[in-house]
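Curious how the labels on a structure get decided? Let's take a few of them and check the reasoning step by step.

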Amino acid sequence: MSLPYRHILVTGGAGFIGSQLVRMLLALPVARVTNVDKLTYAGNPANLADIADDPRYHFAHLDIADPRLRALLRDNRPDAIINVAAETHVDRAIADPLVFARTDVLGTHNLLECAREIGVRRFVQVSTDEVYGSIAAGAATEDSPLRPGNPYSASKAGGDLLCLSYAHTYGLPVSICRGANTYGPRQYPEKFIPLAITNLLTGQPVPLYGDGRQRRDWLYVTDHCTGILTVLEKGAAGDVYNIAAGQERENRDVLGRLLALLEAPEDAVRRVTDRPGHDRRYAMDASKLRALGWSPAMGIEAGLAETVAWYRRHPAWWHSIRRGDAFTAYYAHQYPMLPPLR
Ligand SMILES: NC(=O)c1ccc[n+]([C@@H]2O[C@H](COP(=O)([O-])OP(=O)(O)OC[C@H]3O[C@@H](n4cnc5c(N)ncnc54)[C@H](O)[C@@H]3O)[C@@H](O)[C@H]2O)c1
């Protein structure tokens, strides 16, 4: 892939998907990649340790909702922006929705304004399948209605609508990609798959919400990033692209696979009260992106095995998160029915 951009600004590049995206961008012949990240609890400089010394990489410690973003963009003048930064965890959104509106709506708005002022050649908004809400049957296309079911997905939908309005009203060349549930190395261990893996690796029970029959279409992190890069390279202004691999599984089946990979007993699973408003099923049709030449490279079986292997090989990475105050406080609040973390 050869991108027609010299300097690409990525927001949220210290997180799970953003760090993989920065790594993949630097593997391409780009002149400069700037990462703007607030370093929330989910932002981790260790995610970028392997590329931090690349002379083409620049880090700016800043909130995308901060007015100082304007000066940063004026001074640096990227020709493309990929907005990955967001508050991302549904359970945290239910407990404390305001910060989601602040980052995912107002932060996106601030970034759009700055992009408009400097006149970028492409703005890619990284969004989610959750904006379509629960899909009882079939699969959402890019024209399906937005029916977000929780404060996270509602905030992401708000960001998407602002993006589309900037394309329509100001002609800003914005494309939106809506990725499916993503998993893989470096995912913060509050999320379903890395929480299960790290609890099992430390001999602790794994929570499963409700009946565990919620269905998600799992997407490996590198496939999500090739989808974003395809939209950056070939996406049309004002258009939306779903990124999904067509690998739908019930949560209880994903957990069953993890138990098998880690040789853990079935009674390691603890059924806990379902998340309020929990969407039952997400499903997207990704044929529009596939028509641009994208296809996923990782199957779910191999992807789960790779993910387990990565967490096995990197205990220091997740132990340092799990032993920190931010994680232990969150865990105690979210799972009072489980034994405290060890
Ligand atoms: N993980 C998934 O399953 C998934 C699926 C579809 C879409 N997405 C979208 O992909 C993007 C990345 O998700 P992720 O799972 O990598 O998230 P993450 O929580 O691992 O990382 C988010 C990153 O954004 C940064 N950030 C948060 N608020 C910020 C702010 N105000 N200013 C600057 N930086 C800020 C954090 O410090 C962190 O580095 C999000 O936009 C999310 O909505 C995620």
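Partly exposed means a relative accessible area that is neither under 20%, which is buried, nor over 50%, which is exposed. Keep in mind that this is a predicted model.

Q: Why is R257 called partly exposed?
A: R257 has 31% relative accessibility, so it counts as partly exposed.

Q: What makes the contact between E301 and R257 a salt bridge?
A: The closest N and O atoms of E301 and R257 are 2.6 Å apart, and the cut-off is within 4 Å. The pair links distant parts of the chain, with E301 in helix α10 and R257 in helix α8, 44 residues apart.

Q: Why does E250 count as buried or exposed?
A: E250 sits at 7% relative accessibility, and buried means under 20%, so E250 counts as buried. Its salt-bridge partner R252, 2.8 Å away, N to O, is at 35% and therefore counts as partly exposed.

Q: Why can the salt bridge of R280 and D211 be said to tie parts together?
A: R280 lies in the loop between β13 and α9, and D211 in the loop between β8 and β9, so the pair ties together parts that are 69 residues apart in sequence. Their side chains meet at 2.6 Å, N to O.

Q: What makes the D37 atom and the ligand oxygen atom a polar contact?
A: A polar side-chain atom of D37 lies 2.6 Å from an oxygen atom of the ligand, and the limit is within 3.5 Å. V126 qualifies too, with a polar backbone atom 3.4 Å from a ligand oxygen atom.

Methods. Residues are numbered from 1 along each chain as its sequence is written. This is a predicted model: local features need pLDDT of at least 70, side-chain atom pairs count only at pLDDT 80 or more; totals for chains, interfaces and linings use all residues. Side-chain values use heavy atoms; hydrogens and water are left out. A polar contact is a pair of N or O atoms within 3.5 Å; within protein, one must be able to donate a hydrogen and the other to accept it, and residues adjacent in sequence count only if both atoms are side-chain atoms. Helices (H or I, at least four residues) and strands (E, at least two) are DSSP runs, numbered from the N terminus. Buried means under 20% relative accessible area, exposed over 50%, partly exposed in between (1.4 Å probe, protein chains only).
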